[in-house]
Every structure is written in C-alpha cells, then in structure tokens.
Amino acid sequence: MDLQSYLDRIGFVGTARPDLDTLKAVHHRHLLGITYENLSVQLGERVGLDPAESYAKIVAGRRGGWCYEMNGLLAWALEEIGFDVMRMAAGVLRSIRGDWIIGNHLALAVHLEDGPWLADVGFGDGLREPTPLREGPIEQFGLTYRLQLLDDGHWRLHNHEYGGAADFDFRFERAEEDRLAELCTWLQTDPESSFVQTLICQRFRPDRIEVLRGRVRRTVTTSGKREWLVADADELQSEVRDTFELDVEVRHLWPAVEKRHRAVFGS
C-alpha cells in the first residue's frame, strides 16, 4: 500500500500534512475521484473490512466501494499522513429501524487541535467535507445538513433534503470491529438487505451529485433533483461506464434490476 498512489488516484496535489486544510482537501478529492458503488455485492464478490483489500480494489483496480471500503481506505490514508483517526460504528436509519442496525455504516472521527471532526466519504450522497463534531446546521456547497446530539448519547447526522438515506446515528466511541464485520456480512448476503436488492452507484461532481439506484437515475444540484429511468441493459452499462467511470460488465444484471423496480414501483 502506497500513500502517493492513493493521493494520485484522488487527484490530490501538494504536500499532505496532518492539518485541517489537508483533511478537507483529501476528503473532497476522494469523493470527486472515487465512485460509491455496491457492484461487488451485486456481482457476488465478497468484500470485507481489510484496508489492504480496499486499496487493491479502489486504488490499483480503479473501482469504487461502499462505506466499509471507502471510509476504511480513507482512515488508512489519513493515518499514513499523520492524523489521529477513530473508526466508529454507525447506523443508517437507526431513527426508523432501531439499535440492531448499528454497524451497517462505518464513520470516522478525526482528532484535531480544536476537537474531533466527523469525516465520511462512505455515505454515498452525504457530506462533501469533514465537519466539527458539534450540534447545529452544516452548510456545504449549497446544501444543508445537521448534526444533532440525541438524549441517549448518540449523534445523528441529518442528510440534505435531496439525499437518499435521511440520516445515520453513531456514538463518539471506537467501533466494535466484530459488530462491523457482522453487519458487513449481513448487508451483502441477506435477501432483505437493500444492497442485495438494489444496484447503487453515486458520484460527486463539482456542481452536482450523480445517483443510480436500480433503474432510477438522479442528478442532485443545489436547486433540486431531476430523475428519470434507465431504459435497458445497454443504457445501464453506459451509465456505469461513462457517468460513474467503472469498467465493470453489468448488462447481465438488468433482469434483476428491472424485476426489483417493478416490485417497488409497479409497471
């Protein structure tokens, strides 16, 4: 694993130092340079928590990844630069699903002189930059997020109004890695998992966020979102290749993608 190769992969230019400017730049460049995607799950490729495996896939293989891979790789890179990083077990939509879902998301706390910052390149369409771990609204690139400290001691990150998942919860404490591993396995094997059911690709651009969820294509800007349907297997392939810059064959997934769309939305 080579830090410079990672920095080249995300297009970071300059000297990486353990300071706020570097943290913001690496976080933002990671999102601009690497697609969030669950194609490994859709293709039956098992993924885990090992940063070396994520590095091989994302840096050497020029693929994307989901939260465990994206934030796992970022945590490794930041530690290589000299940052103090803590991995945290989070729960996407714990607000609806309850405590059992804690561990279905990996988030990061980065300790700086002024206190901890939340870093997260694995939420798909969430924060563009890290943010101080304190309550209140967060304005980033024309979109509004919010951090809330709940009565039970969990923090809740509220996504912007056009986001996919509405929120995730976490405690400011080191993750139980066994719990992360358990939910990582569940998310890619259980038929009830949305990652098993639905193909997902998401990519940040300077002025927008591009999203593919099954047949549904979405472009999010500061003024709203525009949605349309992918027509067929060839268009699905071209979206994955051209919009999300992934050299992965997905045409054979089209029947399952179309079937899932009918099940959710009807004909």
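The following exchange between a biologist and a modeller concerns the predicted model shown above.

Modeller: In this predicted model, local features require pLDDT of at least 70 and side-chain atom pairs count only at pLDDT 80 or more, while totals for chains, interfaces and linings use all residues. Residues are numbered from 1 along each chain as its sequence is written, and side-chain values use heavy atoms, with hydrogens and water left out.

Biologist: Which helix gives the most residues to the largest nonpolar core?

Modeller: A nonpolar core is a set of buried Ala, Val, Leu, Ile, Met, Phe, Trp, Tyr and Cys residues joined through side-chain atoms within 4.5 Å; buried means under 20% relative accessible area, exposed over 50%, and partly exposed in between, with a 1.4 Å probe and protein chains only. The largest such core has 70 residues, and those with the most contacts inside it include Tyr 6, Trp 66, Leu 118 and Phe 168. Helices (H or I, at least four residues) and strands (E, at least two) are DSSP runs numbered from the N terminus. With 10 residues, the element that gives the most to this core is helix H5 (residues 67-81).

Biologist: How many residues does the second, separate core have?

Modeller: Val 230, Leu 236, Phe 244 and Val 250 are among the members of this second core. Its size is 15 residues.

Biologist: Which strands stand at the edges of the open sheet?

Modeller: Two strands pair if DSSP finds at least two bridges between them. The open sheet has eight strands in the order E5-E4-E3-E2-E9-E8-E7-E6, with antiparallel pairing. One side of each edge strand is left without a neighbour in the sheet, because each has a single partner strand; these are E5 (131-132) and E6 (136-140).

Biologist: What angle does helix H2 make with strand E4?

Modeller: Strand E4 (residues 115-119) pairs with strand E3 (residues 105-112) in the antiparallel sense over five bridges, and Ala 109 stands opposite Leu 118 in E4. Helix H2 (residues 20-33) packs on the sheet and touches both E3 and E4, where contact means heavy atoms within 4.5 Å. Axes are lines fitted to C-alpha atoms, for helices over the stretch in contact, and angles run from 0 to 180 degrees between N-to-C directions. On that basis, the angle between the directions of H2 and E4 is about 10°.

Biologist: Which residue of strand E9 forms an aromatic pair with Phe 123?

Modeller: Rings of Phe, Tyr and Trp (its six-membered ring) pair if their centres lie within 6.5 Å; planes under 30 degrees apart count as stacked, over 60 as edge-to-face and the rest as tilted. A search of the whole structure finds seven such pairs. Phe 123 is buried at 9% relative accessibility, and its partner in E9 (residues 167-170) is 45 residues away. The pair is edge-to-face, with centres 4.9 Å apart and planes at 75°, and the partner is Phe 168.

Biologist: How many residues apart in sequence are the parts tied together by Trp 100 and Trp 186?

Modeller: These two rings form an edge-to-face pair, 5.4 Å centre to centre with 85° between the planes. Trp 100 lies in the loop between helix H6 (94-97) and E3, and Trp 186 in helix H7 (residues 177-189), so the parts tied together are 86 residues apart.

Biologist: Is Gln 202 buried or exposed?

Modeller: Gln 202 is found in strand E10 (residues 200-205). Leaving aside neighbours within four places in sequence, Gln 202 is in contact with residues including Thr 35, Phe 123, Glu 210 and Phe 244. Its relative accessible area is 6%, so Gln 202 is buried.

Biologist: Which residue takes a positive phi in the hairpin of E11 and E12?

Modeller: E10 and E11 (residues 208-213) form a hairpin with two residues between them and pair in the antiparallel sense over six bridges. Five bridges join E11 to E12 (residues 216-221), also antiparallel. In the hairpin of E11 and E12, with two residues between the strands, the positive phi, near 65°, belongs to Gly 214.

Biologist: What is the phi of Leu 93?

Modeller: Most residues other than glycine have a negative phi. Leu 93 is found in the loop between strand E2 (84-92) and H6 and is partly exposed at 24% relative accessibility. Its phi is positive, near 60°.
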